[in-house]
Amino acid sequence: TELGADASYPEVLDALVDLRRRYDRVEEIYRNVLQIKCRTVLLRNQLQAEVLDEWNAAVVRVRQNSTKAGDEYMGPRERYAEADLMTLETKLKSRRADALAESAATALECVKTILRGLDGTRQDHLTWLRTLNFATSLET
């Protein structure tokens with residue numbers, strides 16, 4: 001709701017009430033996005049730990065096999081590459097979870113910015129009401 005400089009006390013008060021309703025809704029959205037962010041960070045951390053555990057287990061399995069792959073010698077790089085291939089699916093899931101957590105963090109920052117803007121507008125309206133109240137008291 002846009003108000004002109006000559007807005008009356010009831011108009012500013014109505015705008016403030018409307019602003020409060022919007023602010024409450026954005027706070028609710030903020031809480032939901034914060035929960036989503038926390039869950040995605042937890043999922044990301046769990047998957048990162050899972051990737052590390054799977055990779056370590058894969059390295060052990062590759063080491064237990066002979067250092068020969070068929071007729072060819074298998075060096076450390078080849079063994080690590082084999083372990084990487086064995087854990088590729090989990091690594092991809094972990095990367096997707098990381099991207100999801102980053103998106104949730106970005107969304108949370110956007111909602112925070114909106115909340116700060118609404119709070120600033122609310123403060124302006126309250127100041128405006130005080131000024132109108134003071135001007136009215138001077139007139140009487």
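What follows is a guided tour of the structure, selection by selection.

The model is predicted: local features require pLDDT of at least 70 and side-chain atom pairs pLDDT 80 or more, whereas totals for chains, interfaces and linings use all residues. Residues are numbered from 1 along each chain as its sequence is written, and side-chain values use heavy atoms, with hydrogens and water left out.

**Whole chain**

Begin with the chain coloured by secondary structure. It comprises 3 helices and 2 strands, in the order α-β-β-α-α along the sequence. Helices (H or I, at least four residues) and strands (E, at least two) are DSSP runs, numbered from the N terminus. Of the 140 residues, 24% count as buried; buried means under 20% relative accessible area, exposed over 50%, and partly exposed in between, with a 1.4 Å probe and protein chains only. Among the contacts in the chain with a separation of 6 or more, 82% are between residues 24 or more positions apart, a contact being heavy atoms within 4.5 Å.

**The nonpolar core**

Next, select L19, Y23, V26, V33, L108, V111, L115 and L118. These 8 residues form the largest nonpolar core, that is, a set of buried Ala, Val, Leu, Ile, Met, Phe, Trp, Tyr and Cys residues joined through side-chain atoms within 4.5 Å. The elements that give two or more residues to this core are α1 and α3.

Centre the view on L118, in helix α3. With a relative accessibility of 17%, L118 counts as buried. Neighbours within four places in sequence aside, L118 is in contact with L19, R22, Y23 and V26. The C-alpha atoms of L118 and L19 are separated by 7.4 Å, although the two residues are 99 apart along the chain.

Move to V26. Not counting residues up to four places away in sequence, V26 touches V111, I114, L115 and L118.

**Towards the start of α1**

Now select E11, which is found in helix α1. E11 is partly exposed, at a relative accessible area of 41%. Add L129 to the selection: the two residues are 118 apart along the chain, and their C-alpha atoms are separated by 9.9 Å.

**Where α1 meets α2**

Display helix α1 (residues 9–64) together with helix α2 (residues 76–86): their axes come within 9 Å and cross at roughly 130°. Axes are lines fitted to C-alpha atoms, for helices over the stretch in contact, and angles run from 0 to 180 degrees between N-to-C directions. The two helices are therefore oblique to each other; angles under 35 degrees count as roughly parallel, over 145 as roughly antiparallel, 65 to 115 as roughly perpendicular, and the rest as oblique.

Select W55, A58, V59, R61, V62 and R63 in α1, which meet R79, Y80, E82, A83, D84 and M86 in α2. The residues of this contact divide into 7 nonpolar, no polar and 5 charged. Here Ala, Val, Leu, Ile, Met, Phe, Trp, Tyr, Cys and Pro count as nonpolar, Asp, Glu, Lys and Arg as charged, and the others, Gly among them, as polar.

**L85 and K91**

Select L85, in helix α2. L85 is exposed, with a relative accessible area of 64%. The C-alpha atoms of L85 and W55 are separated by 9.3 Å, with their positions 30 residues apart along the chain.

Is K91 buried or exposed? This residue lies in helix α3 (residues 88–139), and at 18% relative accessibility K91 counts as buried. Show its surroundings last: not counting residues up to four places away in sequence, K91 touches V51, W55 and D84.
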